[in-house]
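I opened the notebook with a plain list of things to look up: strand pairing, packing, single residues and side-chain pairs. The entries below follow that list.

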Amino acid sequence: MSNRILIIAHAPLASALRDCALHVYPECVDDVIALDVLPHAQPEDTLAQAAHTVGNAVEEGLLVLTDIFGATPANTAQKLVANSNAKLIAGVNLPMLYRAVCYREEPLDALVARALTGGTQGVMQVAITAP
């Protein structure tokens with residue numbers, strides 16, 4: 001059984017990241033969920049929406065990816081995963097998401113390690129050479 005992945009981020013980032021994942025991995029359509037947090041959204045409403053959206057996945061295998069630690073999406077995600085088997089990573093980027101999608105069949109702790117590695121290895125300075 002695959003772990004599900006919830007992306008909760010400032011609008012429209014969560015949906016945009018999900019769209020990118022589906023572009024490359026269309027088979028992950030049921031496993032990757034996006035929740036865009038709109039400006040002025042009430043945190044308790046966002047938490048209720050997130051809980052409803054993921055259902056039992058919080059206990060069955062859920063990796064939550066959020067954009068900025070300390071912001072409303074991350075604070076909501078922390079409450080969502082508290083006292084559950086779900087894991088939370090802040091600082092989501094596309095390489096992290098792709099890695100998570102590729103390895104979503106692995107145990108949740110291994111998936112977290114894979115996602116973190118993908119996210120950090122995907123950030124680099126690119127040297128530009130003159131033609």
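Entry 1, strand pairing. I began with β3 (residues 62-66) in this predicted model, and I found that β3 pairs with β4 in the parallel sense over four bridges. Within that pairing I noted that L65 stands opposite I89 in β4, and that the bridge partner of V64 in β4 is L88. I then turned to β1, which pairs with β3, again in the parallel sense, over five bridges, with I5 standing opposite L63 in β3.

Entry 2, the sheet as a whole. I wrote down the order of the four strands as β2-β1-β3-β4, an open sheet with parallel pairing. The edge strands are β2 and β4 (87-90), each of which pairs on one side only. I also looked up the twist, which averages 20° from one strand to the next.

Entry 3, cover over the strands. Which way do the residues of β3 point, and are they buried or exposed? I found L62, V64 and T66 pointing one way from the strand and L63 and L65 pointing the other way, and all of these are buried. For the helices, I noted that α5 lies across β1 (4-10), β2, β3 and β4, and runs at about 165° to β1. Helix α6 (residues 108-121) lies across β3 and β4, and the angle I recorded between α6 and β4 is about 10°.

Entry 4, nonpolar cores. The largest nonpolar core holds 22 residues, and of these I5, L63, L65, L97 and V101 touch the most other members. The elements that give two or more residues to this core are β1, α1, β3, α5 and α6. Apart from this core lies another, of 15 residues, and I listed L35, V37, L62 and A86 among its members. I followed L63 further and, leaving out residues up to four places away in sequence, found that it touches R4, I5, L6, K87, I89, A100, L108, L111, V112 and A115.

Entry 5, L35 and S15. I located L35 in strand β2, where its relative accessibility is 4%, so it counts as buried, the limit being under 20%. With neighbours within four places in sequence left aside, L35 is in contact with L6, I7, I8, A9, A14, T46, Q49 and A50. The C-alpha atoms of L35 and L6 are separated by 7.4 Å, although the two residues are 29 residues apart along the chain. I then looked up S15, which has its place in helix α1 and is partly exposed, with a relative accessible area of 27%. Not counting residues up to four places away in sequence, S15 touches A34 and D36. The C-alpha atoms of S15 and C102, 87 residues apart along the chain, are separated by 18 Å.

Entry 6, backbone in the loops. I found a cis peptide bond joining A11 and P12, with omega at about 0°, and placed P12 in the loop between β1 and α1. H40 has a positive phi of about 70° although it is not a glycine; I found H40 in the loop between β2 and α2 (43-54), and at 79% relative accessibility it counts as exposed. N83 likewise is not a glycine and has a positive phi, of about 60°. N83 belongs to the loop between α4 (72-81) and β4, and it is exposed, with a relative accessible area of 84%.

Entry 7, aromatic rings. How many aromatic pairs are there? I counted one aromatic pair. The rings of Y25 and Y98 have their centres 5.7 Å apart and their planes at 75°, and because planes over 60 degrees apart count as edge-to-face, I entered the pair as edge-to-face. The pair links distant parts of the chain, 73 residues apart, with Y25 in the loop between α1 (13-24) and β2 (32-37) and Y98 in helix α5 (residues 94-102). At 22% relative accessibility, Y98 counts as partly exposed. My last look-up was a charge over a ring: the charged end of R114 sits over the ring of Y103, 3.9 Å from its centre.

Technical notes. Residues numbered from 1 in each chain as written. Predicted model: local features only at pLDDT ≥ 70, side-chain atom pairs only at ≥ 80, totals over all residues. Heavy atoms only, no water. Phe/Tyr/Trp six-rings, centres within 6.5 Å; stacked < 30°, edge-to-face > 60°. Buried < 20%, exposed > 50% of the residue type's maximum accessible area, 1.4 Å probe, protein only. Lys NZ or Arg CZ within 6 Å of the ring centre and 35° of its normal. Pairing = 2+ DSSP bridges. Axes fitted to C-alpha atoms, helices over the stretch in contact; angles between N-to-C directions. Contact = heavy atoms within 4.5 Å. Core = buried A, V, L, I, M, F, W, Y, C linked by side-chain atoms within 4.5 Å.
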